[in-house]
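Visitor: I am new to this structure and should like to understand the terms used to describe it. May I ask, term by term, what justifies each of them?

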Amino acid sequence: MLLIPCPWCGPRDEAEFHYGGQAHVAYPGDPAALSDEEWARYLFFRANPKGRLDERWSHAAGCRRWFTLTRDTATNEFGTGSGNGSVTGGVTA
Amino acid sequence: MTSRRRDGHRGETLRFRFDGRDYEGLRGDTLAAALLANGVRTVATSPGLGRPRGVYAAWTEEPNAIVQVEHPFPEPMLQATTVELYDGLVARGLPGRGVLADRPDPARYDAVHAHCDVLVVGAGPAGLAAASVAAASGARVILADDRPVAGGSLPDTAETVDGVSGAVWASSVLAGLAGLAGPGGPADVRVLHRTTVFGHYDDNYLVAVERREEGAASRERIWRIRARRVVLATGAHERPIAFAGNDLPGVMLAGAARAYANRYGVLAGRRAVVFTTNDAAYDAARDLAAAGVEIAAVADVRRGAPARDGLEVLAGHVVTGTAGGSDGSVASVTVAPAGSSAGSSAGGSGRREIEADLLLVSGGWNPVAHLFSQSGGELRYDEALSAFLPGKSRQAVEVAGAARGVFTLAGCLEDGAAAGARAAEAAGFPAAAGRRFDVAEPEPMLPPEALWLVPADDYTTHFVDLQREVTVAGVLRATGAGLRSVEHVKRYTTAGTAHDQGKLSGVLTSAVVAHATGVEIGDLGTTTFRAPYVPVSFAALAGRDRGALHDPVRVTSLHGWHVANGALFENVGQWKRPWYYPRDGEDMETAVLRECRAVREGAGALDASTLGKIDVRGPDAAELLDRLYTNMMSTLKVGSIRYGVMCRADGMVFDDGTVIRLAEDRFLVTTTTGNAAPVLDWMEEWLQTEWPSLRVYCTSVTEHWATVALAGPGSRAVLAGLAPGLAVDNASFPFMTWRDAEVAGLAARVCRISFSGELAYEINVNAWDGLTLWEAVQATGVVTPYGTETMHVLRAEKGYPIIGQDTDGTVTPADLGMDWVVSKKKADFVGKRSFSRPDTARPDRKHLVGLLPEDPSLLLPEGAHLVADAGLPEPPVPVLGHVTSSYRSAALGRTFALALVRGGRDRVGDRLYAPLGDGGDPVPVTVTHHVLYDPEGARRDG
């Protein structure tokens with residue numbers, strides 16, 4: 001079971017968290033202006049790398065805050081050496 | 001039968017029964033030790049071939065001696081080598097499969113969560129050294145050991161440490177741990193005996209099962225341990241060799257026979273042949289000889305093996321076969337020079353048949369790398385030891401002693417101390433490892449030689465996996481079929497899939513596959529090691545989370561009344577909701593029809609307290625709701641109520657409910673009973689991740705309120721009587737408005753909402769006033785209590801969908817015929833863009849429709865499929881949709897259903913058919929509009 005570094009509560013068991021998938025998939029500013037294909041990409045297309053991925057997590061059974069962190073999907077290591085996704089609280093625009 | 005117990009080995013006598021016969025053993029025995037002491041050689045039979053099976057090993061690696069314990073409580077599939085003997089034990093041997101208990105288990109099982117700086121797994125020489133060094137540093141230490149007594153293999157080998165027996169030395173180490181001082185009391189050191197760590201998961205989360213002693217509060221206990229650092233001192237398993245007839249009772253690992261002699265004082269036979277590839281078997285032979293076992297010969301595959309300890313050593317020899325006696329157990333052993341045409345029955349020169357009742361086998365040692373591998377560590381093949389050793393680790397893990405290929409006692413002690421020091425230091429506790437241990441060890445003779453199987457013409461009794469009866473012939477059939485990966489061979493042959501999870505057979509299988517396919521075993525590798533390391537009972541994993549404690553049960557403040565008045569209950573999420581209230585002699589159908597009639601003709605009351613309630617508050621509350629609901633909420637007036645639907649971004653309906661405007665900046669949102677938490681999460685997610693600038697707080701207030709729904713044409717008079725100060729006429733209190741009022745003397749918020757189409761009110765009071773309100777309603781004598789089933793029938797008659805029953809995450813508001821709830825004015829809301837996606841805008845999507853079976857008494861099963869023709873074509877049959885809700889209606893005087901049907905609104909009036917899978921003809925149904933009762937809505941104002 002992962003030990004997830006919540007930016008507000010510190011390291012806590014994975015069972016307390018809710019997984020929110022790939023981070024930085026912002027809600028489009030003007031959905032009506034998007035083509036069907038662009039909208040479908042927003043809805044359905046997500047990265048699935050073997051390696052580092054910026055992910056959204058919610059500390060559902062704790063502080064109930066959403067945050068972003070980087071996880072290596074092959075080793076489950078968090079945060080280390082990522083260019084763009086160490087632990088951050090709040091907005092993931 | 002005479003005792004095989006060594007002179008001088010004494011203890012408390014315990015009586016037990018095995019396969020219907022009474023025996024005696026000693027406290028401290030395992031069942032296997034006690035059986036061997038009584039001369040019982042055949043313990044079980046193999047599951048498929050029915051071959052006799054004896055005790056092969058001395059601990060958790062046992063593949064053969066599988067028993068069922070019958071008393072004190074039935075437990076199937078236990079290894080006789082790990083069952084601790086106790087007085088009154090009743091057991092029998094199994095042909096591989098056991099029988100589950102036919103009665104509830106009265107024992108309690110529980111769990112503990114623990115944290116430590118250093119977890120040491122295994123209390124053998126390496127583990128004890130590691131734990132004592134780590135504990136002395138001040139680190140919080142847990143030492144978990146799977147045996148009843150510490151010492152690991154020391155009681156098996158009878159070696160000495162610092163001048164005392166291994167068992168005494170181990171006790172002194174434990175006493176030292178217990179006496180350590182920490183800040184303000186004893187040091188934080190915990191020693192767990194009989195505790196097997198069976199899983200090593202991410203971030204050093206390890207799970208263990210403790211088999212607790214008689215009299216403990218629980219029978220087994222699960223330990224969930226989070227450790228900063230882990231020291232794995234899990235030892236090594238001796239390796240079998242594949243040769244003809246290597247499964248007979250009397251064939252035993254050399255180290256196991258040594259353990260029976262030294263730890264239990266039991267002689268596993270009278271005259272033994274030893275078959276080895278390494279020095280360790282000589283230590284076993286020496287100890288057995290000293291205990292009184294005649295060692296007939298040692299077949300050592302190593303050509304340079306010298307005579308030793310007065311033994312007859314047949315250097316460069318292998319065992320080519322065994323012969324069973326009248327009881328099926330070993331009576332003689334055939335040896336021959338390695339490399340000769342040993343397998344042929346004609347035999348070669350030097351072939352000898354030696355009379356023996358015991359054949360001790362040592363094919364070398366496999367480090368127990370299971371937990372290390374589970375933790376993500378990589379294994380590497382060591383040519384010198386011909387074994388897979390821990391390589392690169394992925395987690396904060398140290399491996400010490402035999403578990404990483406250190407096979408001398410002095411080496412294990414020093415290696416353990418060093419690993420304990422490294423682990424403590426890495427956890428922030430400076431430690432000193434530099435202590436020497438005084439041990440006496442035999443001089444090494446020759447390096448081990450790799451020998452996995454003895455070549456032969458016929459491989460049908462060369463067993464690789466004794467429990468699964470997988471032979472070399474079976475593995476060769478797999479490789480002959482083209483399989484090259486050990487993972488594939490494992491699944492093709494089932495080698496390694498028995499209760500022992502291939503502790504002895506796994507590496508041997510790899511070796512045979514490598515041999516057959518001409519690759520190096522190091523390149524081939526092993527199958528993946530997975531938890532659990534030992535079989536774990538479901539009862540232990542469930543712990544206290546069973547029965548009433550399995551899941552939290554939520555009840556409303558009226559629950560006691562429902563129980564006292566005979567309600568039957570329906571589970572809705574974690575809630576217990578009254579389902580219906582049968583009167584004397586009523587079945588469900590009669591009761592529900594009566595309750596439905598009461599609401600449509602008079603007045604009924606429903607406990608609606610379980611509906612989710614969320615307080616949405618802040619200057620931007622209206623803006624948030626506009627973005628999340630499909631319809632406009634910001635235009636709602638204070639004092640009014642609006643029904644709303646929420647969709648996911650893909651346009652599919654996610655929840656529905658009412659929105660009550662309490663103030664300019666405050667709303668009360670209701671959700672379906674099962675979706676209260678997901679809706680709150682949904683609001684929070686958008687607020688936090690997309691719209692953090694919105695000034696809104698969302699608070700769950702579900703349990704703050706008790707809600708009584710009062711429905712039916714008589715409800716106005718009932719409310720007027722209970723709330724004399726409230727103007728209840730239609731003009732003063734119109735539909736979809738709310739009023740604060742005193743009801744039955746209680747502060748209440750009354751909402752004019754209807755989920756039945758009738759005139760109806762929802763009366764909300766403080767949760768602790770709920771029972772008072774309900775009893776006041778009942779005291780009027782004219783209100784019938786009704787449950788969720790009646791609620792469902794009434795709403796279905798009106799075509800109101802239940803989200804999650806009539807929808808399944810692929811249904812849009814338009815599919816439900818609810819275009820009216822989708823705002824055309826708002827520029828955007830979650831889901832809007834998806835309504836114009838080509839697939840969502842298709843005219844032939846599935847629509848919610850009503851169905852009337854042509855037989856008005858036929859109740860369609862929910863989930864029934866709908867097809868166009870009575871005569872079913874050959875499969876696949878084109879399916880047009882399915883029944884989502886189906887009831888008997890008192891108001892309609894017949895059965896009816898709701899269904900999702902492809903292009904359903906264009907099929908109104910059509911006849912469809914529902915094949916019921918009962919062998920009869922598909923039954924005809926007529927498609928109707930989904931609103932079947934009071935379509936003009938004339939009844940809602942009373």
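Guide: The following exchange takes up burial, charge pairing, helices and sheets in turn. Please note that the model is predicted.

Visitor: Let us begin with the salt bridges. What makes B:Arg103 and B:Asp102 a salt bridge?

Guide: The term requires a side-chain nitrogen of Lys or Arg within 4 Å of a carboxyl oxygen of Asp or Glu. The side chains of B:Arg103 and B:Asp102 meet at 3.8 Å, N to O, so the pair satisfies the cut-off of 4 Å. In general, side chains of opposite charge can pair when their charged atoms come close. Over all chains, the structure holds 59 salt bridges.

Visitor: Are B:Arg103 and B:Asp102 buried, partly exposed or exposed, and how do you know?

Guide: Exposed means over 50% relative accessible area, buried under 20%, and partly exposed in between. B:Asp102 has a relative accessible area of 69% and is therefore exposed. B:Arg103, at 41%, counts as partly exposed.

Visitor: Which residue forms a salt bridge with B:Glu213, and where do the two lie?

Guide: The partner of B:Glu213 is B:Arg194, with the closest N and O atoms 3.6 Å apart. This pair links distant parts of the chain, 19 residues apart: B:Glu213 is in the loop between β16 and β17 of chain B, and B:Arg194 is in the loop between β14 and β15 of chain B. As to accessibility, B:Glu213 is exposed because its relative accessible area is 53%, whereas B:Arg194, at 15%, counts as buried.

Visitor: Why is the pair of B:Asp202 and B:Arg394 said to tie parts of the sequence together?

Guide: Their closest N and O atoms are 2.7 Å apart, and they form a salt bridge. B:Asp202 lies in the loop between β15 and β16 of chain B and B:Arg394 in the loop between β29 and β30 of chain B, so the pair ties together parts that are 192 residues apart in sequence. At 19% relative accessibility B:Asp202 counts as buried, and B:Arg394, at 30%, counts as partly exposed.

Visitor: Which residues are linked in a network of salt bridges?

Guide: The network links B:Arg258, B:Asp283, B:Arg286, B:Asp287, B:Arg308 and B:Asp309.

Visitor: How do you know that B:Lys490 has no salt bridge?

Guide: The nearest side chain of opposite charge, B:Glu487, is 5.1 Å away; the limit is 4 Å, so B:Lys490 is left without a salt bridge. B:Lys490 is nevertheless buried. Its place is in helix α10 of chain B, and, leaving aside residues up to four places away in sequence, B:Lys490 touches B:Ala495, B:Gly496, B:Thr497 and B:Thr527.

Visitor: What makes helix α2 of chain B largely enclosed?

Guide: Of the 12 residues of α2(B), 10 are buried, so the helix is largely enclosed by the rest of the structure. The buried residues include B:Pro125, B:Leu128 and B:Val133. Helix α2 of chain B reaches 17 Å from its first C-alpha to its last, close to the 16 Å expected at 1.5 Å a residue. After α2(B) comes B:Gly138, whose phi is positive, near 100°.

Visitor: Why is helix α16 of chain B called mostly covered?

Guide: In α16(B), 6 of the 8 residues are buried, and buried means under 20% relative accessible area, so the description follows. Among these buried residues are B:Leu624, B:Leu625 and B:Asp626. What covers them includes β36, β37, β38, β39, α17 and β40 of chain B.

Visitor: In what order do the strands of that open sheet run, and which stand at the edges?

Guide: The 5 strands of chain B have the order β37-β38-β39-β36-β40, with antiparallel pairing. β37 and β40 of chain B each have a single partner strand, so one side of each is left without a neighbour in the sheet. From one strand to the next, the twist averages 30°.

Visitor: What makes β36(B) and β39(B) a pair?

Guide: Two strands pair if there are at least two bridges between them. β36(B) and β39(B) have 6 bridges, in the antiparallel sense, so they qualify as a pair. B:Lys613 stands opposite B:Thr670 in β39(B).

Conventions: Residues numbered from 1 in each chain as written. Chains lettered and ligands numbered in written order. Predicted model: local features only at pLDDT ≥ 70, side-chain atom pairs only at ≥ 80, totals over all residues. Heavy atoms only, no water. Helix = DSSP H or I, 4+ residues; strand = E, 2+ residues; numbered from the N terminus. Buried < 20%, exposed > 50% of the residue type's maximum accessible area, 1.4 Å probe, protein only. Lys, Arg positive; Asp, Glu negative; His and termini not counted. Contact = heavy atoms within 4.5 Å. Expected span 1.5 Å × (residues − 1). Axes fitted to C-alpha atoms, helices over the stretch in contact; angles between N-to-C directions.
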